[in-house]
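Me: Please take one strand of this predicted model and examine it closely. I should like a connected account of its pairing and its surroundings.

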Amino acid sequence: GKPATALNILRETIMGKELFDYAFKTYSKRWMFKHPTPEDFFRTMEDASAVDLDWFWRGWFYTTDYVDIGIKEVNQFYISPKPSKVIEEMMEKRGIPMSRMPSLVYLEDFNNDTENLKEGNPLENSKLLNNYLKENFSKEEIDNLEIPKFFYEIVFNKPGGLVMPIIVEYEYEDGTKNRIKYPAQVWRKNDDEVRQVITSNKKIINISLDPDLETADIDTSNNSWPKKQEDSEFDAFKSKIKG
């Protein structure tokens, strides 16, 4: 069933129906009444679609890897008027006074917010950012700017080993949702994990990976943030027993 699953994912998720059907039709015409090998199919699909699919053929047909992409961690940040403790410690170890630090816009982890600044206005938290806007924009333009209030770093990993696009849906506090599809090429620089930064004026309350189950991910327990508590098989069985 793996080849059939692979071709279905290639058509529905990777290439799209129209492009896949055109390339497959080209393959059928080019190789009718002949004896093509799997490699002939792979080359023809790439040639007809002009899409580099080497990573797909290698993973699905030449390895025993499986699809399991998960959300490893989510880090939240806010605009801070001063550097974090990590930067301060680094400067102290090198004997560099903080007065030598250039004017910067600092991001601080939500967990280190001791002054309740994460709920504040980013412009009020950063004099540099505030001054820059005042010098380069009119008050009306500044009022119309959408300055992000929330900053997130999402770390994705793939315990399964198989490279696939990352399909993720972000749900915000006001009930709206935004779905983003990161191509498989995001794994090029780091085959273990990928970091993506999201900025928003709205707070993210839920992150879901592969919400429509279109990548054949074998383990969905790591596909959501905050992590959902799922009943074990014993608990599911016990809930069905009455009395």
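Reply: Strand β4 (residues 166-172) is joined to strand β7 (residues 204-209) by five bridges, and the two strands run antiparallel. Within this pairing, Val 168 has Leu 209 of β7 as its bridge partner.

Strand β4 is also joined to strand β5 (residues 177-182), here by six bridges and again in an antiparallel arrangement. Val 168 takes part in this pairing as well: its bridge partner in β5 is Ile 180. Glu 169 of the β4-β5 pairing has Arg 179 in β5 as its bridge partner. Strands β4 and β5 form a hairpin with four residues between them, and in this hairpin Gly 175 adopts a positive phi near 95 degrees.

These pairings belong to an open sheet of four strands, whose order is β5-β4-β7-β8 and whose pairing is antiparallel. The edges of the sheet are β5 and β8 (224-225); each has a single partner strand, so one side of each lacks a neighbour in the sheet. In the stated order, β4 stands between β5 and β7.

The burial of β4 may be considered next. Six of its seven residues are buried, that is, under 20% relative accessible area. The strand is therefore largely enclosed by the rest of the structure.

The nonpolar core gives a further view of these surroundings. The largest such core has 42 residues, and Ile 154, Phe 156 and Tyr 170 are the ones that touch the most other members. Tyr 170 is also among the residues in contact with Ile 154, once neighbours of Ile 154 within four places in sequence are left aside. The other contacts of Ile 154, on that same basis, are Ile 71, Glu 73, Val 74, Val 194, Arg 195, Gln 196, Ile 198 and Ile 207.

For contrast with the buried strand, one may turn to the surface. Tyr 132, Phe 137 and Leu 145 make a nonpolar surface patch of about 270 Å². Leu 145 is situated in the loop between α8 (139-144) and β3 (150-157). With a relative accessible area of 35%, Leu 145 is partly exposed.

In summary, β4 is bridged in antiparallel fashion to β5 and to β7, and six of the seven residues of β4 are buried.

Methods. Residues numbered from 1 in each chain as written. Predicted model: local features only at pLDDT ≥ 70, side-chain atom pairs only at ≥ 80, totals over all residues. Heavy atoms only, no water. Buried < 20%, exposed > 50% of the residue type's maximum accessible area, 1.4 Å probe, protein only. Pairing = 2+ DSSP bridges. Patch = residues over 30% accessible without salt bridge, like charges linked within 9 Å, V, L, I, M, F, W, Y side chains within 5 Å. Areas by Shrake-Rupley, 256 points an atom, 1.4 Å probe, with all protein chains shown as cover. Salt bridge = Lys/Arg side-chain N within 4 Å of Asp/Glu carboxyl O. Core = buried A, V, L, I, M, F, W, Y, C linked by side-chain atoms within 4.5 Å. Contact = heavy atoms within 4.5 Å.
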